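The following dialogue asks why certain terms are applied to a protein structure. Each answer sets a value against a definition and then concludes.

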Amino acid sequence: MIRTFLAFFMLVSTLIFAQNKLSLIPYPQNVQINNGNFVISDILVISDDLPKKETEYFKKRFNSEIKFKTSKKADAQLIYSQLPKAPAGKEEFYTLEISPKQIHIQSYTRQGYFLALQTLIQLFENYKTEKKIPALKIEDQPKFAWRGMHLDVCRHFFTVEEVKQYIDYLAMYKLNTFHWHLTDDQGWRIEIKKYPKLTQIGSKRKESMIGAYVDNTFDGKPYGPYFYTQEQIKEVIKYAQERHITVVPEIEMPGHALAALSAYPELACTKGPFESATKWGVFDDVFCPKDETFTFLENVLDEVIKLFPSQYIHIGGDECPKTRWKECAHCQELIKKNNLKDEHGLQSYFIQRIEKYVNSKGRKIIGWDEILEGGLAPNAAVMSWTGVNGGIEAAKSKHFAVMTPGAYCYFDHYQGDPQSEPNAFGGFTPLDKIYSYNPIPSELNAEQAKYILGVQANLWTEYILDFKQVQYMIFPRLMALSEVGWGTSDPKNYKEFENRVINQFKVLDKMNVNYAKSIYNISGKVIPANKGIAYELSTSQNSNGIRYTLDGTIPTINSETYQGPVSIPNSVTIKSAYFEDGKLKSAVSTQEFTVSKTTGKSITLEQQPSENYSFGGAFTLVDGIIGNVKQLGKTWLGFQGKDVVATIDFGQKTGFSEIYFNTLENKGSWIHLAKSAKIYSADDLANFKLIKEIGKEDIQNAKGKIRLNMGAQTAKYLKVVIENAGVIPAGNPGADSKAWLFVDEIGVN
């Protein structure tokens, strides 16, 4: 009976432990908790036949907290066994078995051994206070072969030591690809010995844009010259290789070329002169597809390929305006000579010619999804950033793709309330949204899904001035990306993941990493409520610690305690904050509400907004929140090349006389005011009548802030049609591309 009870007790204990997941990120594929513990002593005896470089990395990570003693394998606590030759797809597989007396790692490759060490490091960190690690067995390998992070060093530059730190962060969370964005309009950052002016001239700019893009202000300070010598490039690659990370270089073409053209203007379609861009955005001057340009690019690629051993060379291919090509006699002749359909066909010609050259050197190209324009090069891989469609199209045509859609994988977006965050590019990509991402689009069948290489997040640095800000923007979001790429993310159990993230903060604290604490701040969500709306507040901590006010004053510990969604019957400003032990622990969150007759009403959209700018869906247009230009991803809906056609159901016949909404203009970001707007009303969904319209000139005169007096009206339904500007005209950034239309609250009084 006693034995039965003890066995039952041990089983229950094991099950409870298994339910309380180990605090590992990314979480392993298979974890088995066994009886007993491995005691962490001041000295760890390691086998004398462990792989050297990886073991040295392991030892350095502990920074003298643990001393190491080398012994023969038979007497060691940490041992390693190499498995026979790895089957295809098992290169990163490992097992980690911890018994009360020994830690045993097995893998097919040294890369697998290195990944096992990362798991072991996290276990030591998690259990160093208790001085014992539970006995366990882990069998593990990633789902995706490409688990990447990108870093833009062109808008703002980072030193070799900072790039190495960045690589260390990737290694800690088992990412295996570093995408190094080395050339752009704002700076050329890699030494090319054949073309010294690229770094003499192209690695600097006369000043830099500062503040929000719409402010159009500059610091007046020369920036650069900043670049990496080829010896420094080799140093970074070696450092990454020791951490089993592949460095993929990006050399932008045919667009984003101003820095190169400032050094070699003869490569453009016009005479110039040119200078490295001081603004952010997209520019009309691009590489001209003439023989001397291809000779130049081939020579550049020769030196790049010699430096970088990666299978893929990233050639950009994104955001290439066709304005100069349309006006260029050589380009038009080339289109005729090669029977190309148009300038998009010319882009495909450009990419395919570069691909043939790269393939001749035994390498492959990868590019942003615009390389699909005019037809995809035969062996090219696609990095799908504008959404998932580029990846879907590539996979269906049997081309490899890396999924990096802006809505989920752009770490230059805000991760918390923009009011309490440093200035960022825009968008809203919080931790839980990244964690919810599935890199395999549902549109693909099992065979097509094999062409999805993996997932990557991108860090563009227009608004990232120093490395502390780099840290802030990638942490903790890199952890969510890590688990998505490993294939063990479970959005249904996000809170459990969030707890593991918080547990990792002590490691980042020890490393002096400036990570974002947005996870602690109050998150607000507008929800429909009886006859209106309510404001739902949440935090990663106990919601009983939330205090709020409705009169615009700063909350204190004595303010109203949050007990559930707060009803918003009238226009009001709600401020909220999280308190713990009587002390303020979060930033103060502020939200203004402007309540009208449409607030909280049922609304449908005929066309859906872009994923990047769809937070809250159609309900965003009736949630009582007037758009803030610094919160494009949270308080506005963005539509590229689409009209807004919104139908609002008042629920009953309702009297009204005024309608208001705002649209934005920021031509540098391809955002244009609406071309027109029409307002319809009806008592049923079949018989709408036009009651008001406004044209382009009036919208421009109002600067997009539209308030229309319609006289006394009564209706059950209201239809609002806001017309997109359409194709961006020549002479504007993004010419020939689809314009963006941003719309906020549709209010009625």
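Q: What makes a run of residues a helix or a strand?
A: Helices (H or I, at least four residues) and strands (E, at least two) are DSSP runs, numbered from the N terminus. Alanine 457, for example, is found in strand β21, which covers residues 452–457. The protein has 20 helices and 37 strands.

Q: What should be known about the origin and numbering of this model?
A: The model is predicted, so local features need pLDDT of at least 70 and side-chain atom pairs count only at pLDDT 80 or more, while totals for chains, interfaces and linings use all residues. Residues are numbered from 1 along each chain as its sequence is written, and side-chain values use heavy atoms, with hydrogens and water left out.

Q: Why is the protein called as compact as a globular protein of its length?
A: The radius of gyration is taken over C-alpha atoms, and the globule rule is 2.2 Å times the number of residues to the power 0.38. For 749 residues the rule gives 27 Å, and the radius of gyration of the protein is 28 Å, close to that value, so the protein is as compact as a globular protein of that length. Its C-alpha trace spans about 90 × 75 × 50 Å along the principal axes.

Q: Why does alanine 457 count as buried or exposed?
A: Buried means under 20% relative accessible area, exposed over 50%, and partly exposed in between (1.4 Å probe, protein chains only). Alanine 457 has a relative accessible area of 0%, and therefore it is buried. Proline 609, in the loop between β30 (602–605) and α19, has a relative accessible area of 12% and is therefore buried as well. Of the 749 residues of the protein, 57% count as buried.

Q: Why is the pair of tyrosine 57 and phenylalanine 114 given the class that it has?
A: Rings of Phe, Tyr and Trp (its six-membered ring) pair if their centres lie within 6.5 Å; planes under 30 degrees apart count as stacked, over 60 as edge-to-face and the rest as tilted. The structure holds 43 aromatic pairs. In the pair of tyrosine 57 and phenylalanine 114, the centres are 4.9 Å apart and the planes are at 55°, and the pair is tilted. Tyrosine 57 lies in helix α2 (residues 52–61) and phenylalanine 114 in helix α3 (residues 110–127), so the pair ties together parts that are 57 residues apart in sequence. Tyrosine 57 counts as buried at 8% relative accessibility, and phenylalanine 114 is buried at 1%.

Q: What class does the pair of phenylalanine 58 and phenylalanine 68 have, and why?
A: The ring centres of phenylalanine 58 and phenylalanine 68 are 5.7 Å apart and the planes are at 65°, so this pair is edge-to-face. Phenylalanine 58 belongs to helix α2 and phenylalanine 68 to strand β3 (residues 67–71), so parts that are 10 residues apart in sequence are tied together. Phenylalanine 58 has 1% relative accessibility and therefore counts as buried, whereas phenylalanine 68, at 21%, counts as partly exposed.

Q: How do you know that lysine 174 sits over the ring of tryptophan 486?
A: A charge sits over a ring if NZ of Lys or CZ of Arg is within 6 Å of the ring centre and within 35 degrees of the ring normal. The charged end of lysine 174 is 5.1 Å from the ring centre of tryptophan 486 and sits over that ring. Lysine 433 likewise lies over the face of tyrosine 408, at 5.4 Å from the ring centre.

Q: What makes a space a cavity and not a pocket?
A: On a 1 Å grid over the protein atoms alone, a cavity is a set of points where a 1.4 Å probe fits but cannot get out, and a pocket is an open set with protein on both sides within 12 Å along at least five of seven lines; lining residues have an atom within 4 Å of a point. A search of the whole structure finds 3 cavities of 30 Å³ or more. The largest cavity has a volume of about 70 Å³, and its lining includes Arg61, Gln118 and Val507. Helix α3 gives the most to this lining, with 4 residues. The second largest pocket holds about 990 Å³ of space, and β22 supplies the largest share of its lining, 5 residues.

Technical notes
Grid points are joined across faces, edges and corners, and a volume is the space filled by probe spheres set on the points.
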